[in-house]
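Let's walk through this structure together, one helix at a time, and then turn to the cysteines.

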Amino acid sequence: MMKKSVLRIASFATDCLAGIAGPVRVLAIFPRHVYLLVGQGAERTMLIISPSGGGMTPYSVVVDPWPIIQSSDEDGWFDGRTLILGSVSICLEGAPSWPSGLSVRHAEYRQRAMFALLTEDARNLSHHSDYLAFVLDDPCRLDLLGGGANILACGLVMREKEMLIEGARCLAGLGMGLTPAGDDFLCGVMMAVRIILPVPNLVCDSLVLGARGNTTTLSLSFMEAAACGHASEDWHKLIAVGFSRTVTLRQRALCAVIAHGFSSGADTLAGFLWGGWQLLHSRETYCMTQ
């Protein structure tokens, strides 16, 4: 058995693994990432195994040496402490933790300033997201995502559970790729909710409920992390410098977020900016209630 050392594990991944023991399935393999599903049924979580030198996600487990496996056909098992994949053994117990939870909240006037600054900065950057292009044209627009945005905006402004569920159901699974654009957009909305609302659980839980069953297991896992207020290292950096007066710091952080995937990072940014504008400018936003 080849043993791999764990250099860091995201705190959200540790929390999700608590009480889980069961089979391990490979969801996807990339040169520097292996996506795993650990457990089964309701007792399951995703993990992203990666080598050192990359950014952290809420599901990251950083191991050394690399790689860990070459084939998606290798079955595995997790006994509550050690992850077994083919001939590879990864002991997670006692591994150094990386705090993945977002904890930044500020007065509303500062939040408005941050979203205005980031929106203006993003207009000067290149990306591949139609959603972000629409949002940057008008952050409060409701005529995107096939009408789902209007329903979602109503739910956000009114904190209305059924509208939130229906809005998420309209968006979930829209688009191509490992994480569809509609899902990425919802992740961004939930991160905005998490840093703006003092009690975000009803909104975030309703959005995940609406998305469940309408997208892939992998993509839903990212939404579950965002709903719980956990984000990648690049998102932590962006939110930390969002109030900075230094344009280059903000733009550098925006570029790092946009660089995620082909358009996933930009789609998530679109949801974040749009959700923030809806929540912070709700008095100026016309919301149809029918």
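A good place to start in this predicted model is the set of neighbours around helix α8: its buried residues pack against α1 (11-17), β2 (22-30), β3 (33-40), β4 (43-50), α6 (181-196) and α7 (201-211). Helix α8 itself covers residues 217-227, and nine of its 11 residues are buried, so the helix is largely enclosed by the rest of the structure. If you would like to find them on screen, the buried residues of α8 are Leu218, Ser219, Leu220, Ser221, Met223, Glu224, Ala225, Ala226 and Ala227. After α8 comes glycine 229, which has a positive phi, near 85°.

Now move to a pair of helices, α4 (residues 148-158) and α11 (residues 264-280). They pack at an angle of about 50°, with their axes 9 Å apart, and α4 and α11 are therefore oblique to each other. Their crossing is right-handed. On the α4 side, Ala149, Leu152, Ala153, Leu156 and Val157 take part, meeting Trp274, Gln278 and Leu279 of α11. Sorted by class, this contact has seven nonpolar residues, one polar residue and no charged ones.

Finally, the cysteines. With a cut-off of 2.5 Å between sulfur atoms, the count of disulfides is zero. Why does cysteine 228 have no bond to cysteine 16? The sulfur of cysteine 16 is the closest cysteine sulfur to that of cysteine 228, but at 6.9 Å it is too far for a bond. Cysteine 91 also has cysteine 16 as its closest cysteine by sulfur, here 19 Å away and again too far for a bond. Cysteine 91 is partly exposed, at 39% relative accessibility, and cysteine 228 is partly exposed at 43%.

Conventions: Residues numbered from 1 in each chain as written. Predicted model: local features only at pLDDT ≥ 70, side-chain atom pairs only at ≥ 80, totals over all residues. Heavy atoms only, no water. Buried < 20%, exposed > 50% of the residue type's maximum accessible area, 1.4 Å probe, protein only. Helix = DSSP H or I, 4+ residues; strand = E, 2+ residues; numbered from the N terminus. Contact = heavy atoms within 4.5 Å. Axes fitted to C-alpha atoms, helices over the stretch in contact; angles between N-to-C directions. Parallel < 35°, antiparallel > 145°, perpendicular 65-115°, else oblique. Left-handed = near helix turned anticlockwise from the far one by under 90°. Nonpolar A, V, L, I, M, F, W, Y, C, P; charged D, E, K, R; others polar.
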